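Thanks for coming, everyone. I have one structure to show you today. Please look at the screen.

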Number of protein chains: 2
Amino acid sequence: MGVVITNPKNPTVKHLRSLMANRKARRHERLFVIEGVRAVEEALRSHAQIAFGVYNAEQLADSERGRAVLAALREQRGVQPASPEVIAAVSDTVTPQGVVLAVGWPALTPQRRGITLVLDALQDPGNVGTLLRAAEATAVAQVICISGTADVYSPKVVRAAMGAHFRLPIVQDVSWEQAPALLADADHIYAAVPDATMPYYAADWRQPAALIIGNEANGISAAGLALATKRISIPMAAPVESLNAAVAGSVILFEAYRQRRLGRS
Amino acid sequence: MGVVITNPKNPTVKHLRSLMANRKARRHERLFVIEGVRAVEEALRSHAQIAFGVYNAEQLADSERGRAVLAALREQRGVQPASPEVIAAVSDTVTPQGVVLAVGWPALTPQRRGITLVLDALQDPGNVGTLLRAAEATAVAQVICISGTADVYSPKVVRAAMGAHFRLPIVQDVSWEQAPALLADADHIYAAVPDATMPYYAADWRQPAALIIGNEANGISAAGLALATKRISIPMAAPVESLNAAVAGSVILFEAYRQRRLGRS
């Protein structure tokens, strides 16, 4: 425990803000910022490397879970007490819960064969985070983000992913040249496209497979389509022609999970 | 065609802004605001009642579809040409496409028996709009919004719904006392809750049914649970315990649509 930080221009505060705002800073240091009791619980439970951060004891003491987090943080080097004004200065939310930390990028390797989700230049951070959450919920083996995809360590993605970063193997900045080596296990590489005749539920998802989800406006790139071995679509009622990318990906992932569960039972 | 509006304080401009910002104004006049070429195409195709609005001919003339919209708008009473500054003043987007209209609330009645989607006080407009889009894509018969749900005519919901308002019967401000009469057709009323033992795919969605999706933070209300005849859950891999509400609803709606399509084939 150190001296309470009260100056929003303190170097630790500036460092947190730079990591939140700046993709290059995150990449250079291989750190990202998490905020709130639940996110810190997930980080502690996953033994994430906590680099530094700030907390406010009074705000955390508001809840039982906050008090448990507070007790754990007091034993962490580099995590300092701070005033509510400082917490507000580094918080991305309207009602801060009293803790903001910089943590190391988890280095997870796939523990099983199964489904690989490939995001082909998805640009909306909310969509990327929602898909990471759905991927974890459906026991996806790994997520590969092709270059051009929103940074998975940006605050918006981290918030929408609800802790998936700490448990789901994610590889970023992958070029289409590098992708085949990462997908070597897949029996089939499915491209989700609007006009395919094969419905997504006709695929056999009990086999190791990859699923490519395309950019919100432009769909899957030519290189992605070239790598795909099958094209699938989500049948829908006319005149609707497309879905939100996070919804489309989630619908297919949950069908895959349904098949894998039924196949096991 | 009238005189080109150049003053952002023009009464028509103020009226549009009031309808965008103010739920009471929308309710009082039973109007809502749509923006952009695609939304106006949907409105024209559905013979929506166009009350008034503004357009900029140069901006619309940028694309072939814009020019077709421009030709149609020039024959509309109450729709006036306006400067780019005026368009920017009533636009909710970064790069306005040159048309913003106030249109009447569609009065659609369900044309078929089938699935009724019930939103129990969903608060995020993006979630509500995404679910309306998914409901239309899965041929849902009607959507019922229980009081406390985000206004379906707010600009954020309208944008995310991608035109669903013009084709999907939607009833708002429904109390739980009024709900049974609207759900009389349903063989079963399913409540999606995290701890139910029945998976969503074990339900027979080929029968007329209702599906209740609960509030993001608090789930389904006591009155909603009391009305439900069966509880279902979406199985997911630990430690994930919940999904984004729009994803959860969409996953179940697409399973229902899958069953109904396979049942017909």
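I will go through confidence, symmetry, the contact between chains, the domains, and one residue.

First, what are we looking at? This is a predicted model. The scores are ipTM 0.91 and pTM 0.93. For chain A, the mean pLDDT is 94. In that chain, 98% of the residues reach 70 or more.

Now the symmetry. Take chain B and lay it on chain A. That needs a turn of 180 degrees and a shift of 0.0 Å along the axis. The RMSD is 0.0 Å. The two copies are thus related as by a two-fold rotation axis. Which C-alpha of chain B is nearest that axis? It belongs to Val251(B), at 2.5 Å. Both copies use the same surface: 100% of the contact residues of chain B recur in chain A.

On to the contact itself. How many residues does each chain bring? Chain B brings 22 residues, and chain A brings 22 residues. Stay on the chain B side. Two helices there, H7 (125-137) and H11 (245-264), each supply at least two residues. H11(B) gives the most, with 7 residues. By class, this side of chain B has 14 nonpolar, 4 polar and 4 charged residues.

Next, the domains of chain A. The assignment gives domain 1 (11-104) and domain 2 (115-264). Their centres, taken over C-alpha atoms, are 30 Å apart. Where they meet, 12 residues of domain 1 are in contact with 8 residues of domain 2. Which elements of domain 1 supply at least two residues each to that side? They are helix H2 (23-29), strand E1 (31-35) and helix H3 (37-45) of chain A. By class, the domain 1 side has 7 nonpolar, 1 polar and 4 charged residues.

Last, a single residue: Leu183(A). Find the loop between helix H9 (179-182) and strand E8 (188-192) of chain A; Leu183(A) is there. Why is Leu183(A) called partly exposed? Because 19 other C-beta atoms lie within 10 Å of its own, and a buried residue needs 20 or more. What does it touch, leaving aside neighbours within four places in sequence? Leu183(A) is in contact with Thr116(A), Ile189(A) and Ala210(A). Now look across to Met20(A). Leu183(A) and Met20(A) are 163 residues apart in sequence. In space, C-alpha to C-alpha, these two are 31 Å apart.

To recap: a predicted model, two copies related as by a two-fold axis, and two assigned domains in chain A. Thank you.

Terms used:
Residues numbered from 1 in each chain as written. Chains lettered and ligands numbered in written order. Predicted model: local features only at pLDDT ≥ 70, side-chain atom pairs only at ≥ 80, totals over all residues. Least-squares fit on C-alpha atoms with pLDDT ≥ 70 in both. Contact = placed C-beta atoms within 7 Å. Helix = DSSP H or I, 4+ residues; strand = E, 2+ residues; numbered from the N terminus. Nonpolar A, V, L, I, M, F, W, Y, C, P; charged D, E, K, R; others polar. Domains from an automatic or database assignment. pLDDT = per-residue confidence, 0-100. Buried ≥ 20, exposed ≤ 12 C-beta atoms within 10 Å, placed from the backbone.
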